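Colleague: Could you take me through one part of this model in some detail? I would be glad of a close look at how its pieces come together.

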Amino acid sequence: MSIPSPAFRSRIREGLENATLQEALQRAVPSFLVSRSKAFEDLPDAEAVRDRARAIRAHTIAHLDRYLEQFAREVERRGGKVFWAATAREACDYIVNLARSRGVAMVAKSKSMVSEEIGLNHAMEAAGIRVVETDLGEFIIQLAGERPSHIITPAIHKRREDISKLFQKHLGMPPTDEIPEMTAAARRALRQVFLDARMGISGVNFGIAETGTLVLVTNEGNGRMVTTLPPIHVALMGIERVVPTWEDAEILLRVLARSATGQALTAYTSFLTGPRRREEPDGPEELHVVLVDNGRSRWLGTPLEEALYCIRCGACLNACPVYRAIGGHAYGSVYPGPIGSIVTPMLGDGNGAELAYASSLCGACQEICPVRIPIPDLLVRWRQMRAGSLLPVWERIGLQLYAHAARHPSLWARAGRWAMGLLRRLGREGWLRRGVGPLRAWTAVRDFPVPQRPAFRDWWTSRRGGGE
Amino acid sequence: MNHPVLEAVRRRVTRRAVPLEPAPALPLDAPPGSEVAVQRLWASWTGIGVQGVRCATEAEAIREVVARLRERKIRHVLTDARTARSYPGLIPALEDAGLTVMGGNLPREEGPRYLGLGRWAMAEAGITDVVAAFADTGTLWVAGGTGGMRCASLLPPVHIALVRRAQVFPCLATWLAEARASGALMEWVEESSAMIAITGPSRTSDIEKTLTLGVHGPKEVIAFLIEEAG
């Protein structure tokens, strides 16, 4: 198997050659970075907030069993039902069976990355249950029959003209290029869905352990609709999303929206604790919290554990030069971008380790990450793990010889002279344009300068008057 | 509590001690209800698109509410029992102005619940009180709980919030500290299935990163800041 695989190469090429995508990325991503930067400038003690946020995530993941148990107990104490799903299949089966048992024909869904991860829509629709995405971006993607290309802005790759055509076809909207008119058409179509749906499905940004409270961060109001209007609310939550206290959630909220959308807080931050109480005028009659493992627990206590600190703000996508060049679909994963390249092979069946190569390791992702995840280090760790199992014999022997030479200076000097002599013989007019053997792949896309005379080692020796 | 997922987590967690970083500065450090907090709240409202109206008294605020509803030719208003308790003159004033006031409890049985929601969805404005307002972000902190309706700040295209000066906190962190110390936080959690931080009108930038208001929730948020204590 080559790195990256032909399928991945093909997706990358499609991304690079897709003029619409390129235009959309160039238009949208820089504004994310500008608003994020401004939002952090306005936050007092911003670096200390990030340090604290990181410490909260690190502490929680180190004691995840304690906080998960507390969270589940508190959800149930306040009338919610908790289902522990070891796999994607278990999570989907639970929700499908719940919907069937309650006679649910249509589900209104707000954005949930976990639901994408476990393939929930497919499972529901296979069971004859209609699922309607209600986040505007997700709704567009669903009508187009595509997958999201960004964690926060799923339809970032779509132009208004594409969306207008979709809405004309599916919603009967008159032709228009006006974004407010398109938004109004979606509002009208989805309002009835909110009122008719007998089940609402949401994701969860944080689960507060001390009270079993679900924290949901949204801007459009669809998150509030699906957790308020239908009589049944199902919340899908990755097991790593728990935090100990309300105060901890508050610290994380200070960095989440700023990193995601450049807002101090999103329009709606909901703190939901249990189903509707006896004295409350409205709210869901049932609350089901599905805690999804799907491979997460395998990585606790390993060097990749830090990837579980992620709060899914999407900032690392916007900062990544590779993501900005190839877009989200090229990753072929629900979780694109730098953090997605680490998380994807950690989940489910473990596919996607090759995504670790979709990075220049420039460090912009780590710089922007609100909880300071060392993303480049984790990408290198994946590369090491993958390389260990995939390197051809000749490359493994070559690396061993290299390591041996690097530890022996006189051997290194002799090998260096030999290699420089060889490169000079292969070069033409000062450049090596066609390599031989394994060098061929390298020179296929770049030229290599032929080593100059004298070699640095010889120059240094003569300058110091002999002796090494 | 036992489950294979929890068991797997228990087997692998490190339980290492993580040094707790020092608490960062508050987003805004000012006494609740202070002029500094109020000025900042006003600026935040302007920044996020909330229309602020300052009123000296509760009676003036109610008159202004009715005037704003008339300007918009609104006929149906959704509000809840808690707001009516906090502002006893509100519902009589709305009714005197010829407005239809909707409220009460959504039935729990499916059919009547559906019909009730359909009726509430006809409201053109929702009026709520708040638990607090946060100056640093311009947030209106609303809650469910006894008589506290979640739909009033969500379903209608216009949300009107009534805020007393004493309810203006510098930030969520300050409110949490005070509510934790007084026991109010746990009371809210027990009583209320939802506490919502509303920071401006419903918005989206999902199409070409262009800001559009009122995608699912209210397009207009009007907040009345009342000097008079309740």
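**A helix pair and a chain-to-chain contact**

Modeller: Happy to! In this predicted model, let us begin inside chain A, where α9(A) passes α10(A) in a left-handed crossing. The two helices, α9 over residues 160-171 and α10 over residues 179-196 of chain A, pack at an angle of about 35°, and their axes are 11 Å apart. On the α9(A) side the contact is made by Arg160(A), Ile163(A), Ser164(A), Phe167(A) and Leu171(A), which meet Ile179(A), Met182(A), Ala185(A) and Ala189(A) of α10(A). By class, the residues of this contact are seven nonpolar, one polar and one charged.

From there we can move to where chain A meets its partner. Here 78 residues of chain A are in contact with 71 residues of chain B. On the chain B side, at least two residues each come from α1 (4-12), α6 (110-120), α7 (172-182), α8 (184-191), β9 (194-198) and β10 (203-204). The most is given by α1(B), with seven residues. Sorted by class, the side of chain B that touches chain A has 34 nonpolar, 21 polar and 16 charged residues.

One of those elements, β9(B), also takes part in strand pairing across the two chains: β9 of chain A, residues 268-272, pairs with β9(B) in the antiparallel sense, over five bridges. If you would like a spot to zoom in on there, try Phe271(A), which stands opposite Met195(B) in β9(B).

Notes
Residues are numbered from 1 along each chain as its sequence is written. Chains are lettered from A and ligands numbered from 1 in the order in which they are written. This is a predicted model: local features need pLDDT of at least 70, side-chain atom pairs count only at pLDDT 80 or more; totals for chains, interfaces and linings use all residues. Two residues are in contact if their C-beta atoms, placed from the backbone, lie within 7 Å. Helices (H or I, at least four residues) and strands (E, at least two) are DSSP runs, numbered from the N terminus. Ala, Val, Leu, Ile, Met, Phe, Trp, Tyr, Cys and Pro count as nonpolar, Asp, Glu, Lys and Arg as charged, and the others, Gly among them, as polar. Two strands pair if DSSP finds at least two bridges between them. Axes are lines fitted to C-alpha atoms, for helices over the stretch in contact, and angles run from 0 to 180 degrees between N-to-C directions. A crossing is left-handed if the near helix is turned anticlockwise from the far one by less than a right angle, and right-handed if clockwise.
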